[in-house]
Amino acid sequence: MPCERKPMRYGHSEGHTEVCFDDTGRFIVTCGNDGDVRIWESLDDDDPKFITVGEKAYSLALKNGKLVTASSNNTVQIHTFPDGDPDGILTRFTTNATHVAFNSIGSRVAAGSSDFMVKVVEVSDSSQQKTLRGHEAPVLSVTFDPKDDFLASASCDGSVVVWNIEEQTQVISWPLLQKSNDVTNAKSLCRLAWQPGMGKFLAVPVETKVHLYERGSWDHVSTLSDDLLAQPINVVSWSPCERFLAAGCVGGLLTVWDVNSKLCVERQKHEKGFTVCSLAWHPSGSHIAYTDTEGCLGLLDGLGTSTADNNRTKVAAKNPAKDYDDLFDDDDDRLMDEGLSDTKSPAKKAVGWDDDDDDFLVPATGRVKNRGAFLDDENSLDTGSLKLGQDKLGDDDNDAGSSVAPAAAPVVPLRPVYEGPVPTPPQKAFQPGSTPAHLTHRFMMWNSVGIVRGYNDEQDNAIDVEFHDTAVHHAMHLTNSLGHTVADLSQEAVLLACPSTEELASKLQCLHFSSWDTNKEWMVDLPKGEDVRALCLGQGWAAVATSTLMIRLFSIGGVQRELFSLPGPVVCMAGHGEQLLVVYHRATGFDEEQALGVQLLQLSRKRRQLISGEPLPLSQKSYLSWLGFTAQGTPCYVDSDGVVRMLNRSLGNTWTPVCNTRETCKSKSDHYWVVGVHENPQQLRCIPCKGSRYPPTLPRPAVAILPFKLPLCQTTTEKGQMEEQFWRSVLFHDHYSFLSSSGYEIDEDAQNQSQKEQQELLMKMFALSCKLEREFRCVELAEMMTQNVVTLAIRYASRSRRMALAQRLSEIALEKSNQMQEEEQEEQEEEPEYSSTRRSSGYGHTDVTAGGRYSRRQNQQEEQEDEEERGEELMEEEDRQEMEPEEATETKKRVNPFAKEAGSPIKPSPTPIGKMGRANPFKVPGSGKMSASSGQPRVTNILDNMTSSKKSAQLSSSGGKPSKSPILKPLAPKPKTKTQSTLLQMAATKTANKKVQENTEQAANLQKQPDTPPPGPPADNSENKRPKTGFQLWLEENRKSILADNPDLEETDVIKEAMGRFRTLSAEERLSWTERAKGQSGDAADLKKRKRAEGGEGLESENEKAEADESSAKKKSSLDPSSKLSVFAFNQN
């Protein structure tokens, strides 16, 4: 009985599904978890008629134009067929009915329910009901005796009961099944089946076997089994000719027995191994329809059940040896030759056997007739043993066989078996962001621009286009007269395409709504025999993949552009900007794997292929479910296992998994339907689908946002979490370099922020490795740091008394410093020596900067400042934990060489070009030497500077001359200020000393500058002695926000803007600022006096009054005194 297993197709949402044929066999009727009954004209029917019967439909039965369904509203309803008009309610239960069945003539319906009851109802008069009570658990199934005397039912209480319908009594009960408390928890649905016609046998599935009980005597007469059945049988069904019994199993195996010979004549495996939950024979007996628990519908075709040609088997039986020879006449390749049909096979014609059940004995073509059939190794024999043992095998079998078995029956084990890899059916082309085309209401496209919905029902065939941002375009309603099935949407246009028909060619239609002329629509007919399979839109172009393995490019206005061939059938496409991403079948996959290839093309002026046919990695036994680009233009895709992968351009265009949506699903049947991906902020935008893979169009589904997480090892540990955050940050900010290299403008602030975030994570991992005494790992982390952060790492290592580590890190710092100098020299050669740039840091002067590299150096300096502040916080925390009182002096001395660099981040200040060259004469770097490379110390060995704090201080003047000012007093008395009184004592001590030391060093530097003008007389600064006003205090706190809003304002303009804003405050708020100013004036005045005493009075002029006030009052400000003094000195020049 050779048969062909047709590919499964989507029928209903996931869950229990049932199937049956109508009386003529013209329609396949299914019901499922979505509450719909669908009427299919064939398995290929893409637009089945549907009847909605409730929220869920549990069971259905069809006879004489009457359709009976058990739905979730606890009723058994009746509809007309095929019109689907409601015809009343047959009966009700207190919970949902689990199974319904017609009797042989269609006059009665039996229904079993979860409330333990079985009811038998007359169809013509539903008031005539018989209730059968006796089960102690929910009823699993019911079936009528063909003579209408008895009814059999199975229950979760483990029993199978035969009832006398008229007397409403139990005839017999067999305890055959495993007990359970509900239908959903039962190991098997135990769908009983009574043999049609005379009703001689009742078939009961028990575990992996089928028991046959004789009607009348109720004796167990025989058992049907198969060695390959390892999981419970769920459902059984008799063929219309009464000779064959089909069974569907929990593991997806479909088996057909010849009841007379008790032999298995057909085996098929569900293509994905899902549980088969319903079976139905076609009235002709030529094929079986079946459904699974995932809502899919399948068909076994070509089942020959006629017995008229059995006499021909006798002819074959007379000369078995010759037929066995025919098995192996052909090449071994024939074993793999699954593509040929059985009827055209030469060996088949030579033997001349029919499609009857005997055909399983000796398959004439010498190959497996179907992919699902397989046997054990031990049953395979070679040709020699076949020929030599013919007679003996035949004799033995004649002795052992039953009287009803055919003569040649015993040679079953000799069937040759192919046990190699099985080809996978190739995935069909689809449009990312769309739901299946057979749905009447569906999403044709959902992406970051908007939503395209398609409606195709009896009332309307239309397309609705809706934009997330109505500023792009207003919503549109289009009549779908051409029957478009695929669509795409961009900021410029809507692209639609329809398949060809016998009369019309496949058409491509574009609604170019962003066009500035009046003709906003164009249409193209594809050549005859060519159908659109996939399409996408980019910036100024459209691409269409066709059934002839070709991709055609069009301009957005309708001009035909290039076309090229694909190596295989297209699966899907996506476009973004100038990038086109195409996925296609590069080969046949095996063992449920898809073999897909990917091409990435750049359609800019310089056309190039970035990825040329590389294999697309998928999860095991999965298929592609979504393909697209992030909002920033990075290709990514999702497979059916929910794994999201993104292109990693910095690692040779490899694909990195960045999220697994299955991890956040609550149940196996839940899925996330992806609609968009964003890298900044990191968001995966998707729609949760409960119990299905696709969302319904109504009500409008809500979009959820999932976080990304790289599948690194041990992400529950602190180390694993920081590593995952670091590499995710690297991957998700890689698009900046790609965009800048492609000529796009990028957000430099966001790029700098991401780099700071990465360096901060590296420093945290460094500190963690130090604590764990993993010094080699510390060096590995330092290799990935910038030079600024390496300097911090050296200080951290020296604080932790890891001198060997600090030594190695200093070598890395030197290497990075040299590397930066080389890069700057290269840039210097390429760029003009002098250029004028406008500075917008708040001081408002147009200055000359060296080499035109000011903006880059400013970014580096800002980055350095933030890094050093974070590093300082990290080290202060260490100090609070570790520093002992007696070690305080020693610690201060050791840290001093670095205190200037980390404690007071310095904004770059433009300098006049003099004998100092390109160096910044006001910058006081950590080593005390000037640096020509973005303010970094040229270090030979950073450890050399840690020997004595005095030595470092002596080098702190701009020219390297010793400073005569008595400024190094690490243990000087601590000035008490309001700010410090609120801090921890330890941190306060350290901060105070550091600030005193910094101010005195800056003063010394300014005194030693050859270009610095003589200080003004002390009388000039008499204004500074006044208490601070409320406006000045308000300006200090709001300066940053003003500069953020107006980065180009000069200092005078900043003050004007501030005065305007201050006046807008209410009288009460202005008064409160004045009160606060009075409260702080005393401390501020003391601090100013102390600063002037230490650094030499008279350094500030009237022009610098505002900056001096600010520096004295704001201890923690990132704009430290040195940068302000340096600007002051240059302005005076």
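Residues are classed as buried under 20% relative accessible area, exposed over 50%, and partly exposed in between (1.4 Å probe, protein chains only). The structure is a predicted model, in which local features need pLDDT of at least 70 and side-chain atom pairs count only at pLDDT 80 or more, while totals for chains, interfaces and linings use all residues. Residues are numbered from 1 along each chain as its sequence is written, and side-chain values use heavy atoms, with hydrogens and water left out.

Of the 1133 residues of the protein chain, 53% are buried. The chain comprises 21 helices and 54 strands, taken as DSSP runs (helices, H or I, at least four residues; strands, E, at least two) numbered from the N terminus.

The largest nonpolar core, a set of buried Ala, Val, Leu, Ile, Met, Phe, Trp, Tyr and Cys residues joined through side-chain atoms within 4.5 Å, has 27 residues, of which Met763, Phe766, Met785, Leu805 and Leu809 touch the most other members. Two or more residues each are given to this core by α6, α8 (748–771), α9 (775–783), α10 (787–799) and α11 (803–830); the most, eight residues, come from α8. With residues up to four places away in sequence not counted, Met785 is in contact (heavy atoms within 4.5 Å) with Gln759, Leu762, Met763, Phe766, Val790, Ala793 and Lys816. A second, separate core of 21 residues includes Ala154, Ala186, Leu189 and Cys190.

Trp727 lies in helix α6 (residues 718–732). Trp727 is partly exposed because its relative accessible area is 40%.
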